[in-house]
Each structure stands twice: as C-alpha cells, then as structure tokens.
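The following questions examine how the classifications applied to a structural model follow from their criteria. Each answer sets a computed value against the relevant cut-off.

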Amino acid sequence: MCAEHCSKRRGRYGVVRSSQMKCGSCGEISERWQYIRLMDSVPLKGGRGKASMVQKCRLCSRENSIDILSNTIKPYNAEDSETFKTIVEFECRGLEPVDFQPQAGFAAEGTESRTPFSDINLQEKDWNDYDETLKASVGIYDVTHQFVKC
Ligand SMILES: [Zn+2]
C-alpha cells in the first residue's frame with residue numbers, strides 16, 4: 001500500500017471488513033463475502049462472552065465465531081507506506097478470514113494539514129482527493145493485504 005500525504009485511520013462508524021471465511025473445523029470456505037463489524041456484538045452460547053460474528057457452518061454444523069479485538073486497531077500512516085503493518089487483530093474461534101475486499105467506510109487525515117477525509121471507498125484499491133489546506137493531491141494507492149497467524 002502507498003499512502004501519500006495521508007494517514008489512514010479508522011472510521012467513526014466502526015470497522016467494516018468484508019471477508020471470505022473458512023471453517024476451522026472442516027475447512028469449508030464461504031462463497032459469499034461477509035462483513036465483520038466492530039459495532040456488532042453477538043453473545044456466545046453458555047455465557048462464553050461475545051463475538052463480532054457467530055455462524056454455524058453449513059457443512060459440519062459447528063458453531064464458529066470471530067471477534068474483532070478493538071484495542072488492536074491501529075492507523076496506517078504515511079511512514080508505513082510500502083510496508084505491511086498490522087492494523088487489526090481478530091480472535092478466531094473456528095472462523096478464519098481467508099480473503100479480504102476493502103469497501104467504503106475508511107477515513108483518513110492529511111499528515112501535515114490534519115484535513116479530515118471521511119467515507120473513503122477503497123473498493124478499487126485506489127483513492128485520491130485534493131487537500132485544500134495543503135494545496136496538494138492526496139491519495140491511497142494499491143491497497144494490498146495479508147493475514148498473519150499468531
Ligand atoms: Zn465446518
């Protein structure tokens with residue numbers, strides 16, 4: 001990813017991630033893209049806390065869940081450009097993201113100007129705008145991702 005004069009930060013509306021999910025039990029990968037949202041909180045059976053998404057596997061019927069760890073969310077800054085940086089961590093209890101499609105709902109701030117840009121759509125992997133304060137074009141280009149297991 002390349003962030004020019006711009007630091008990406010999390011949207012005010014909560015994190016929206018569109019992902020394809022894999023069942024950790026039988027390996028079934030969902031055909032549909034699914035959203036995991038920070039604002040969603042589903043109670044787990046047996047009082048085992050909450051998760052961002054709970055889903056029963058269509059193949060093996062196992063109930064799996066995934067939780068966005070809200071305190072791990074970090075901004076992607078201009079100085080992080082061209083490098084991978086962990087911007088969010090998930091606790092995967094049987095549900096594992098295998099692919100990711102960025103959507104709308106990203107927000108950014110001009111590095112020097114602090115100009116806010118809201119509701120950035122990264123579906124095309126690129127975004128650019130004009131910073132009136134800076135009198136320069138700003139942008140996020142070539143959005144790429146990877147999942148790292150820890
Ligand atoms: Zn399964």
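**Classifications and their grounds**

Q: Which residue of S8 is the bridge partner of Met-53?
A: In this predicted model, Met-53 is bridged to Ile-66 of S8.

Q: What makes S7 and strand S8 count as paired?
A: Pairing requires at least two bridges between two strands. Four bridges join S7 to S8, which spans residues 63–69; the criterion is therefore met. The two strands run antiparallel.

Q: What is the strand order of the open sheet of three strands?
A: The order is S7-S8-S9, and the pairing is antiparallel.

Q: Why are S7 and S9 said to stand at the edges?
A: Strand S7 (53–56) and strand S9 (89–93) each have a single partner strand, so one side of each is left without a neighbour in the sheet. From one strand to the next, the twist averages 15°.

Q: Which residues make up the largest nonpolar core?
A: This core has eight residues: Met-21, Ile-36, Ala-51, Met-53, Ile-66, Ile-68, Phe-90 and Leu-95. Membership requires that a residue be buried, with 20 or more other C-beta atoms within 10 Å, and that the residues be joined through C-beta atoms within 7 Å. Both Met-53 and Ile-66, the bridge partners named above, belong to this core. In soluble globular proteins, nonpolar side chains tend to be buried together. A second, separate core has six residues, among them Phe-106, Ala-108, Trp-127 and Val-143.

Q: With which residues is Met-21 in contact, leaving aside its neighbours within four places in sequence?
A: These are Ser-30, Gln-34, Leu-95, Glu-96, Pro-97 and Val-98. Contact here means C-beta atoms within 7 Å.

Q: Why is Glu-112 called exposed?
A: Glu-112 has 11 other C-beta atoms within 10 Å. A residue is exposed if that count is 12 or fewer, so Glu-112 qualifies. Glu-112 lies in the loop between strand S11 (106–110) and strand S12 (116–120). Its C-alpha is 9.3 Å from that of Thr-133, with the two positions 21 residues apart in sequence numbering.

Q: Is Cys-150 buried or exposed, and what makes it so?
A: Cys-150 has 4 C-beta neighbours inside 10 Å and therefore counts as exposed. Cys-150 is found in the segment after strand S14 (136–141). The C-alpha atoms of Cys-150 and Glu-89 are separated by 9.6 Å, and the two residues are 61 residues apart along the chain.

Q: What is noted about phi of Lys-135?
A: Phi of Lys-135 is near 55°, a positive value in a residue other than glycine. Lys-135 is placed in the loop between strand S13 (127–131) and S14. With 8 C-beta neighbours inside 10 Å, Lys-135 counts as exposed.

Q: Where is Asp-142 placed, and why does Asp-142 count as exposed?
A: Asp-142 belongs to the segment after S14. Its 11 C-beta neighbours inside 10 Å satisfy the limit of 12 or fewer, so Asp-142 is exposed. Its phi is also positive, near 55°.

Q: How many helices and strands does the protein chain have?
A: The protein chain has zero helices and 14 strands. Of its 150 residues, 21% count as buried.

Q: What pLDDT does the protein chain average, and where is the pLDDT below 50?
A: The average is 85, and 89% of the residues score at least 70. Over residues 6–14 the pLDDT is below 50, although this stretch has 35 contacts in the model beyond near neighbours in sequence.

Methods: Residues numbered from 1 in each chain as written. Predicted model: local features only at pLDDT ≥ 70, side-chain atom pairs only at ≥ 80, totals over all residues. Axes fitted to C-alpha atoms, helices over the stretch in contact; angles between N-to-C directions. Contact = placed C-beta atoms within 7 Å. pLDDT = per-residue confidence, 0-100.
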